[in-house]
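Here's a short tour of a few spots in this protein. Have the sequence and the 3D view open while you read.

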Amino acid sequence: MLVGGSHIDHADRLRSASTSRVLGFRVMAPSTLGTFLRSFTWGHVRQLDKAVAETLGRVWALGVGPGNQAVTIDVDSTICEVSGKTKSGAAYGHTKVLGYHPLIATQAETGEIIGVRLRGGSSQRGNTHFVVEAINRIRRAGATGDITLRADSGFFSYDLLAALDRLGADWSITIPLHSNVRAAIETIDEDDWTTIDYPEGGNAQVAETIITSAARHGKRQTRIVVRRSRLTDPHQLRLWPGWRYHTLVTNTGLSPVEADQHHRRHATCELAIRDLKHSAGLAHLPSANFFANAAWLACAALTHNLYRWITRLGQTQPAGQLTAGRSIRTRLFGIPARVVNHSGRHLLRLPTRWPWATTYHTALQNLRSLPQLC
């Protein structure tokens, strides 16, 4: 996957020419790899997932973890479209597209993937357990600062809010416009709305209120932040004269304007999901076997993180800058070099005037100087 493989057959990339001479392991044939993946059970998938978590902790121990800094976790689901009806666990979701709907948790500040979970169907079942596991995972990996969870309305439930409260985490989650939410919005006084910056052709305002709901363990009062928007063009305004509302629940101490801005940055998780699909081998899930695809998803998540760790630990880009995996592959892996045998030593002869030669040598030197963790 690191060198661009997106199908099981692409394992042959590592079996061609002199590639095997620079690898420290024997590359199995694609048919053997497919048989191996189909032998997985759910227990094996969870063991692989634990290995991904252990890798996250080891890398963070090298100094690139958040430490006591605040961490924002974005959770979302995506659609891996499939063709035909032989894919075990594939289902139709609200988009009417047949496919898998894996859950993905990312760290907003770095684009790292905290956890992934392949699930059968597209329901909310398992959302709370997945979120709790993601938070516990980064705690074990060494994150000691405040944690905030951001999610869209597909993850909203009072059970999730209760679980986050028990873990001491903040939350900012979109809530559907239920009847009690609409009733609470109607109680907001016009003077309480604050106008915010909005794209040309529209205007928006933000306010906050409280909703009271009958949760499983009794009545609960929850703070909601409401953003309403509408068009300003006179011709369009005649067609859509009313306000459109977007509401979120939060327990953060941010003002309504700050809470709205913070929550809208949840959309950046789509960048990590897009890179996971385009660069890390998740262009599709290749097997008809559900557990084989679950293992493939975990490997894709590890590949995605390896791209980011290589650039951060290799110090090849400014801090806070995200680089697509495809760019990293072009600069560091796709070098048209030759392996030669010189006095019994294998040497890699790089091309002259290679535009990213300095980047390659810098990354190689910095990665080789890292301490070896047991």
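## Around Thr144

Thr144 touches Gly67, Asn68 and Arg139, leaving aside residues up to four places away in sequence. Keep in mind that this is a predicted model. If you're hunting for Thr144 on screen, look in the loop between α3 (127-140) and β7 (147-151).

Is Thr144 buried or exposed? Its relative accessibility is 57%, and the cut-off for exposed is over 50%, so Thr144 counts as exposed. For a sense of distance, try Pro30: it sits 114 residues from Thr144 along the chain, and the C-alpha atoms of the two are separated by 42 Å.

## How α3 meets α4

The helix α3 has a partner in α4 (residues 158-167). When two helices pack, people describe them by the angle between their axes and the distance between the axes. Here the axes of α3 and α4 come within 10 Å and cross at roughly 20°. Angles under 35 degrees count as roughly parallel, so that is what α3 is to α4. The crossing of α3 past α4 is right-handed.

Which residues make the contact? On the α3 side you'll find Thr128, Val131, Val132, Ile135 and Asn136. From α4 come Asp159, Leu160, Ala163, Leu164 and Leu167. Sorted by class, the contact of α3 with α4 has seven nonpolar residues, two polar and one charged.

## An open three-stranded sheet

Now over to some strands. Three of them form an open sheet, and reading across, the order is β2-β4-β3, with antiparallel pairing. The edges are β2 (80-81) and β3 (91-92), each of which pairs on one side only.

How many bridges join β2 to β4? There are two, and β2 and β4 (residues 98-100) run antiparallel. To see a bridge for yourself, start at Glu81: its bridge partner in β4 is Gly99.

## The β13-β14 hairpin

Further along, β13 (residues 338-342) and β14 (residues 345-349) run antiparallel and are joined by five bridges. For a handy landmark, pick Val340, which stands opposite Leu347 in β14.

What do β13 and β14 form? They make a hairpin, with two residues between the strands. One residue to click on in the turn is Ser343, which has a positive phi of about 55°.

Note on methods. Residues are numbered from 1 along each chain as its sequence is written. This is a predicted model: local features need pLDDT of at least 70, side-chain atom pairs count only at pLDDT 80 or more; totals for chains, interfaces and linings use all residues. Side-chain values use heavy atoms; hydrogens and water are left out. Two strands pair if DSSP finds at least two bridges between them. Helices (H or I, at least four residues) and strands (E, at least two) are DSSP runs, numbered from the N terminus. Buried means under 20% relative accessible area, exposed over 50%, partly exposed in between (1.4 Å probe, protein chains only). Contact means heavy atoms within 4.5 Å. Axes are lines fitted to C-alpha atoms, for helices over the stretch in contact, and angles run from 0 to 180 degrees between N-to-C directions. Angles under 35 degrees count as roughly parallel, over 145 as roughly antiparallel, 65 to 115 as roughly perpendicular and the rest as oblique. A crossing is left-handed if the near helix is turned anticlockwise from the far one by less than a right angle, and right-handed if clockwise. Ala, Val, Leu, Ile, Met, Phe, Trp, Tyr, Cys and Pro count as nonpolar, Asp, Glu, Lys and Arg as charged, and the others, Gly among them, as polar.
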